[in-house]
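Here's a quick briefing to read alongside the structure. Let's start with one residue and then move on to how some of the chains fit together.

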Protein chains: 6
Amino acid sequence: MDILIVNPNTTASMTEKVRVAGCQAAGAGTVIRAVNPADGPESIEGYFDEAYSLPGLLAEIRRAPAADAYVLACFDDSGLDAARCAAPGPVVGIGEAAFHLASLIAGRFGVVTTLERSVPIIERNLHHYGLVARCSGVRASNVPVLDLEDPASDARGQVSETIARAIRDDRAEAIVLGCAGMADLARDLTGQHQVPVLDGVACAVRLAESLVALGLATSRRGAYAAPRGKRYAGIFAAHAPR
Amino acid sequence: MDILIVNPNTTASMTEKVRVAGCQAAGAGTVIRAVNPADGPESIEGYFDEAYSLPGLLAEIRRAPAADAYVLACFDDSGLDAARCAAPGPVVGIGEAAFHLASLIAGRFGVVTTLERSVPIIERNLHHYGLVARCSGVRASNVPVLDLEDPASDARGQVSETIARAIRDDRAEAIVLGCAGMADLARDLTGQHQVPVLDGVACAVRLAESLVALGLATSRRGAYAAPRGKRYAGIFAAHAPR
Amino acid sequence: MDILIVNPNTTASMTEKVRVAGCQAAGAGTVIRAVNPADGPESIEGYFDEAYSLPGLLAEIRRAPAADAYVLACFDDSGLDAARCAAPGPVVGIGEAAFHLASLIAGRFGVVTTLERSVPIIERNLHHYGLVARCSGVRASNVPVLDLEDPASDARGQVSETIARAIRDDRAEAIVLGCAGMADLARDLTGQHQVPVLDGVACAVRLAESLVALGLATSRRGAYAAPRGKRYAGIFAAHAPR
Amino acid sequence: MDILIVNPNTTASMTEKVRVAGCQAAGAGTVIRAVNPADGPESIEGYFDEAYSLPGLLAEIRRAPAADAYVLACFDDSGLDAARCAAPGPVVGIGEAAFHLASLIAGRFGVVTTLERSVPIIERNLHHYGLVARCSGVRASNVPVLDLEDPASDARGQVSETIARAIRDDRAEAIVLGCAGMADLARDLTGQHQVPVLDGVACAVRLAESLVALGLATSRRGAYAAPRGKRYAGIFAAHAPR
Amino acid sequence: MDILIVNPNTTASMTEKVRVAGCQAAGAGTVIRAVNPADGPESIEGYFDEAYSLPGLLAEIRRAPAADAYVLACFDDSGLDAARCAAPGPVVGIGEAAFHLASLIAGRFGVVTTLERSVPIIERNLHHYGLVARCSGVRASNVPVLDLEDPASDARGQVSETIARAIRDDRAEAIVLGCAGMADLARDLTGQHQVPVLDGVACAVRLAESLVALGLATSRRGAYAAPRGKRYAGIFAAHAPR
Amino acid sequence: MDILIVNPNTTASMTEKVRVAGCQAAGAGTVIRAVNPADGPESIEGYFDEAYSLPGLLAEIRRAPAADAYVLACFDDSGLDAARCAAPGPVVGIGEAAFHLASLIAGRFGVVTTLERSVPIIERNLHHYGLVARCSGVRASNVPVLDLEDPASDARGQVSETIARAIRDDRAEAIVLGCAGMADLARDLTGQHQVPVLDGVACAVRLAESLVALGLATSRRGAYAAPRGKRYAGIFAAHAPR
């Protein structure tokens, strides 16, 4: 089985980190590729960055040889619905993946993300997925995304402290890490806080494998119908649906 | 990996059917066992049967050698929370499993179950899981559970007709089959109706495998804390938590 | 009029306590009987105990001479729906009873229960009944159920302190006591905290009387249809619906 | 025990009808009085009539010798919150009363009211009470309120036909009659349609008795605090809270 | 264009204050009139005062020469639906106006009102309008309405302090002032707290102008159908709809 | 006052149509400019087109001389949140504008849009705005966006027929036209169907004017904080926030 992880930002070190996390999570016989666009923001922090990540994200999906399934490695699940319309195989976002699996092992899960500005995006997603009632709260650790790539920063300490608050003050029974760049922290933090700590990349890879193994494709009726053929102008002309 | 499927009714032919469905869905290297209680109803149709299925269901979980994960093969997900408190590994219900995976491949999914009396139970579960907003409706096919075991019945035709209505009248983009006894129908019905048709047993087996592979255990804080030690009287004395 | 209170745990002293509370609440001419199963947990604290209480609860309902109405004396309202299917007369749970009456005398009511593990069960019930928007919060006093039977414990003090917090921090305008074992505390606590404090046993008895007086029986369409006749195996064989 | 039923419209024949319904529902030892204002609309059909009914309604409550409890006999529950602030004893609306009791005997109840313009008012109340999820739908029978007082009209037939549709098309398991003027129809319609049919007047009287018997008074914290003393001008000067 | 602002309480100084606020907000060419009833409470603080303000409010609307649109200058939006049925032009409440505009400029807005007893009324309105999910919380400043008219009171300081708490503790991104009597404070508080602070009177005047300019009238189907002709008795006889 | 309407698709004739609609709606003294991107889809029909419209949309906002306010002329409100982060003045989407104003003049409004694939996007927006409870349903007329530009098509007839169904079957009290390309149809359809028919372009222009007139700017706390400075790679390098 062949899974393509698309990191929608342009930071190659993060792409490599999610590739490694994906490989560690994947079953035997699954081939993981990870790509990122050449065009777009170096990190996605809020609505504006999100908007500029979408064309690159979709281009990577359509440019690559068809994979059996796709994983979107931005915790905001930006572009998820558009990707479902475009990709030949099923698509799983790392945010939704973690929320769905967390709700199978805990009555209430907390989310610990990077910056305050990502909180409303995540809350909106939780509402849309319907899982908001299972979430004990979304907390920002005030760690910028790229600090997670910098070993000298105190990113890990701040994330851990925020987890402690979510458990104590919000009665979180499990913790979802709210950024693809935190993929390498889950195991240690589970041990430290004695509750399940979920990394969305690993969750999404396993859910993508499951969909493929079960022969479950994205429905082409309604929301995720293939894009209608039409003209796109200017720099996006080549990206028009046929 | 070792997964125990518990069919909470006492009909061995259904247990065998879900075992086969589980084996077909499972990954290489996964060992599927399937059991059913000696005590309880021959089928679960409504709240009353559900109540009498729980002690047998929990007894099977505790009697068996510890598995890596557990699948509850009743679409009503009856006893799911109690099983989570009791089982040494993660527990996945076939109803919730199908709902979660359906929401990854369709904007709205419909549910087609057996009898009218199961509709409110399923609706309540959808509310509790939070996925009700993704469901286009729960429809009864008016097929009793055990008719699904009888090749002479028109069970399959009635299920198919109800699916057609869910697609046409409710704008369902995918269909969840609402009974463990329908596990063998999913593939054919997918081809026939040209939308994804999901069987909960297969979905649950893959989700259970995913949780195990990711090292995700049921949280022991809050809702799913291990049962407190206490005395149980009478015929249940031996089942008391230590 | 004849009301049967079923305490679904096996602790006779608690059965006697709810019988006394029921008698004090009942109208002239109402005969209160109170029973508890011989089989099952000595107290119900969480999902696991709940599961083992259901067969005994239903057996008591069916074994007793038909009453005009039934009260289920576990605040989690466990088995309520199954009991409605089985009982010849209307059935009222003490949790729902207190929530419904509290919403007639206060804009928002708080719930004070025993242990943390009961909080999610009560929250789920409030969601199901629809009354969650009227609830200012569910708080655990960290008093195990059987401590309420022990005069030497500080159960009462802890309950009172938790009430004070619910009024001050959650803006509760009335308090629902979240355990059948607190039935004897309501009057004193009302005086002490100067807000209405509701005991579910008393509420349920009066609601049951009301339903009987008004000739209102459980509907036999849909959710609470009488159980379908079928075979039950093993120790439950005698309990099968005809 | 002494219960005052206030019919907030000025039609004395309807006041007498609800008095009779109240007496039939009341327990032994309960004295039922029924009054209506001298000032205001002859029937309440929509928001505008409602507004003009409130001063008269409140005046009747304050003019009468204090009762043990109060019943508001308009199905829209108009003025209910204001009445709770003003009345010395608990206050029950006939709409809320029927909704609460219906949710104890049926999974889903339908409401059959008079005119289309009352439907949004009832729907809003159901949302506010939280019981909307238990309601299968609110249907208008297109019978004006005062036609219910006219034996020559086909009011009863139209109500019955609307009930039949609610049962067949909305899967209603019980029916709430959505107008005080339908109080005399409940028993016959129950027999005819073989589902429980609830009249709000009877329900409210029994709930009011229950609150009194249990010593449950309206909370004076928050929403239902007694009105602050202030000046009222003009024709309402004498009605100012002290 | 001609807009009639109706202050439903009888305090002329507040009517003048809202008139000034309305004039400042209005576009060139808009004529603002402001009236208050002769009959009713001097301020509206809770459900009871609200009830006594409605006849005067409606009488002012019908007595005045027809305006192009109407603004109801009580933050509780009391009588809004009745006014829509009665007024010849569109009607905007100052509460709803501020909520709708706040949701266009902020992810979450907080509300700062006068007394605790108004909080549940505002919360209910937010639920009804659907905008509750955009509200970070409703806080009382414990300032009685008429203190806002008294320069010697510390009303302004208490409002400002409550705003600070809403921003810090509730993560409010904008603030809605929850009383018509605060209309003159918005500009200063915006500067002081560096978030948008909205006054409902100004918002409602602009929304009313917008509806008129766009030719948008209140729908006469369903909820806001014109009142049915009928008899009103006693002091309200002259107010009966024809 | 200066308002910039951005049509996020690249069809100039539609830009001109919305400019004309904007001018007709605008107040005296308001200057309306309308632009569309050079890069992107010729129409926006579903998630995929939406993704490719965002960079062009944001580029137009930042390229133009600062306007006092911005209107996004795609009914899906695509890019609205990103635009709020980027634009120097307040931003109003035509979808949200119509929903908010419709809820001021009708108890329930229906939405009539183009293709089935836009329905879930609009439903999601209604959920996010909180106004879903006020919406009686979203219906597709099965008219592709660009057919609205073709006088030879039967677009108008199909839209009108769909409106008739929304009024009759969904009890819609007002109708929101769900596409910028329908801006010229509102007046005629209002006359024809005798309910208010709202065009989002006109509504948004008036709401934008209102915000400007009231001095209400987008909050810079939380969700709509200005984008953080960072590097964008490739073709988007010049668009990076400073």
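This is a predicted model, and a good place to start is the side chain of D:N9, which reaches the backbone nitrogen of D:T11 at 3.0 Å. From there we'll zoom out to chain F and its partners.

**A closer look at D:N9**

- You'll find D:N9 in the loop between β1 (2-6) and α1 (12-25) of chain D.
- Is D:N9 buried or exposed? Its relative accessibility is 4%, so D:N9 counts as buried, the cut-off being under 20%.
- Besides reaching D:T11, the side chain of D:N9 makes a polar contact with the side chain of D:N7, at 2.9 Å.
- Setting aside neighbours within four places in sequence, D:N9 is in contact with D:M14, D:N36, D:P37, D:P41, D:E42, D:S43 and D:I44.
- For a sense of scale, D:N9 and D:H193 are 184 residues apart in sequence, and their C-alpha atoms are 30 Å apart in space.

**How chain F relates to chain A**

- Turn chain F by 180°, with a shift of 0.0 Å along the axis, and it can be laid on chain A with an RMSD of 0.0 Å.
- That's why we can call this the relation of a two-fold axis.
- Which C-alpha of chain F is nearest that axis? It belongs to F:A51, and it sits 3.7 Å from the axis.
- Both copies use the same surface: 100% of the contact residues of chain F recur in chain A.

**What holds the spotlight between F and A**

- Contacts involve 45 residues of chain F and 45 residues of chain A.
- About 4,200 Å² is buried between chain F and chain A, and carbon and sulfur atoms give 61% of it.
- On the chain F side, F:F48, F:Y52 and F:R117 lose the most area to chain A, together 19% of what that side buries.
- How many salt bridges are there between chain F and chain A? The count is ten.
- F:R228 forms a salt bridge with A:E45, with the closest N and O atoms 3.0 Å apart.
- There are also 24 residue pairs in polar contact across this interface.
- α2(F) gives the most to the side of chain F that touches chain A, with ten residues.
- That side divides into 27 nonpolar, seven polar and eleven charged residues.

**Chain F and chain E**

- Chain F can also be laid on chain E, by a turn of 180° and a shift of 0.0 Å along the axis, with an RMSD of 0.0 Å.
- Here the C-alpha of chain F nearest the axis is that of F:G130, 2.3 Å from it.
- The same surface serves both copies, as 100% of the contact residues of chain F recur in chain E.

Definitions and conventions: Residues are numbered from 1 along each chain as its sequence is written. Chains are lettered from A and ligands numbered from 1 in the order in which they are written. This is a predicted model: local features need pLDDT of at least 70, side-chain atom pairs count only at pLDDT 80 or more; totals for chains, interfaces and linings use all residues. Side-chain values use heavy atoms; hydrogens and water are left out. Copies are superposed by least squares on the C-alpha atoms of residues with pLDDT of at least 70 in both. Contact means heavy atoms within 4.5 Å. Helices (H or I, at least four residues) and strands (E, at least two) are DSSP runs, numbered from the N terminus. Buried means under 20% relative accessible area, exposed over 50%, partly exposed in between (1.4 Å probe, protein chains only). A polar contact is a pair of N or O atoms within 3.5 Å; within protein, one must be able to donate a hydrogen and the other to accept it, and residues adjacent in sequence count only if both atoms are side-chain atoms. Buried area is the accessible area (1.4 Å probe) that two parts lose on being put together, summed over both. A salt bridge is a side-chain nitrogen of Lys or Arg within 4 Å of a carboxyl oxygen of Asp or Glu. Ala, Val, Leu, Ile, Met, Phe, Trp, Tyr, Cys and Pro count as nonpolar, Asp, Glu, Lys and Arg as charged, and the others, Gly among them, as polar.
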